[in-house]
Amino acid sequence: MELDKSIEKVLVSETEIQDACKKLGAQLTEDYKDKDPLLLGILRGSAPFMADLIKRIDAHLEIDFMTLSSYHGGTKSSGEVKMIMDIDAPVNGRDILIIEDIIDTGRTLKYVREMLELRGASVKIATLLDKPSGRVVEIKPDYTCFTIPNEFVVGYGLDYDNHYRNLPYVGVLKEEVYTN
Ligand code: PRP
């Protein structure tokens, strides 16, 4: 397949991701019953995970999205989190579950969590991938599907230069793709 040619190795397979969505969905069904949470996806990376995960939660919930950017297409965090699109809805008193594709430096989530808490929300975090070795600020997810090593990964929402988000799995990009 065309996109596979750029992938060095698969880190988390499509089956593993779908199984993890089922498992986390069952856990969230239990933890959030009667809470009517707001699941807040951080665009653009969280889109596939959000779409698969919510179908596995059997409880009342709402979804919304916020767009933030700190990588600007490259392989390294710029260190500056930029708000591109905020949410409209008031969040005071809401149980918010942030849905992320990956936590690396932690800067994105620290920024969002503090902002939402200032607005009066109670915030928890669910991430598909956690890369603890990349951390520069303290952030601990409440729900993690996979902990990964310090490698630059793409697929299932994660991009390099805005591409590869449509791979159904998470893989390591061949170095030649981003050094050329
Ligand atoms: C990625 C990812 C997370 C963030 C995590 O987003 O989707 O939101 O980086 O990295 P951090 O823990 O170092 O802050 P990115 O800024 O690349 O935007 P995108 O989702 O549109 O690709």
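Biologist: Which residues of α2 are buried?

Modeller: Keep in mind that this is a predicted model. Helix α2, residues 47-54, lies across β2, β3, β5, β6 and β7, and runs at about 155° to β2. The cover over its buried residues includes α1 along with β2, β3, β5, β6 and β7. Under that cover, the buried residues of α2 are F49, M50, D52 and L53.

Biologist: OK, and the sheet itself: in what order do the six strands come?

Modeller: The sheet is an open one, and its pairing is mixed. β4 (82-85) and β7 (143-147) each have a single partner strand, so they stand at the edges with one side left without a neighbour in the sheet. Ignoring direction, neighbouring strands are turned against each other by 30° on average. Reading across, the order is β4-β3-β2-β5-β6-β7.

Biologist: Which strands does helix α1 touch?

Modeller: Helix α1 spans residues 14-31 and packs on the sheet. Its direction makes about 165° with that of β7. The strands touched by α1 are β5, β6 (122-130) and β7.

Biologist: How many bridges join β2 to β3?

Modeller: The two strands run parallel. As one landmark, I42 stands opposite M66 in β3. The number of bridges joining β2 to β3 is six.

Biologist: And how many residues of β2 are buried?

Modeller: Buried here means under 20% relative accessible area. β2 is largely enclosed by the rest of the structure, because the buried residues in this strand number five of the six.

Biologist: Let's talk pockets. What is the volume of the largest pocket?

Modeller: Its lining is made up of 31 residues, and S70, Y71, D101, I102 and D159 lie nearest the centre. By class, that lining divides into 10 nonpolar, 13 polar and eight charged residues. The volume of the largest pocket is about 570 Å³.

Biologist: Which element gives the largest share of that lining?

Modeller: Four elements each supply at least two lining residues: β2 (38-43), β3 (62-69), β5 (95-103) and α3 (107-118). The largest share is four residues, and it comes from β5.

Biologist: What about enclosed space: how much lies in the largest cavity?

Modeller: The structure holds one cavity of 30 Å³ or more. Its lining consists of L28, Y32, P37, L39, I57, A59, H60, L61 and L97. By class that gives eight nonpolar, one polar and no charged residues. The space in the largest cavity is about 40 Å³.

Biologist: Any odd backbone spots to check before I set up a run? Which peptide bond is cis?

Modeller: Look at the loop between β2 and α2, where R44 is found. Omega is near 5° for the bond in question. The cis peptide bond goes from L43 to R44.

Biologist: What is the phi of D34?

Modeller: D34 sits in the loop between α1 and β2. With 80% relative accessibility, D34 counts as exposed, since the cut-off is over 50%. D34 is not a glycine, yet its phi is positive, at about 70°.

Biologist: D161 has a positive phi too; is D161 buried, exposed or partly exposed?

Modeller: D161 lies in the loop between β8 (153-154) and β9 (170-173). Phi of D161 is near 55°, positive in a residue other than glycine. Relative accessibility is 48% for D161, and the band between 20% and 50% is the one in between. So D161 counts as partly exposed.

Biologist: Last one: how far apart in space are Q27 and R56, C-alpha to C-alpha?

Modeller: Q27 belongs to helix α1. With a relative accessible area of 39%, Q27 is partly exposed. Along the sequence, Q27 and R56 are 29 residues apart. In space, the C-alpha to C-alpha separation of Q27 and R56 is 9.6 Å.

Notes
Residues numbered from 1 in each chain as written. Predicted model: local features only at pLDDT ≥ 70, side-chain atom pairs only at ≥ 80, totals over all residues. Heavy atoms only, no water. 1 Å grid on protein atoms, 1.4 Å probe; cavity = no way out; pocket = protein on both sides within 12 Å on 5 of 7 lines; lining within 4 Å. Points joined across faces, edges and corners; volume = space filled by probe spheres on them. Nonpolar A, V, L, I, M, F, W, Y, C, P; charged D, E, K, R; others polar. Pairing = 2+ DSSP bridges. Axes fitted to C-alpha atoms, helices over the stretch in contact; angles between N-to-C directions. Contact = heavy atoms within 4.5 Å. Buried < 20%, exposed > 50% of the residue type's maximum accessible area, 1.4 Å probe, protein only.
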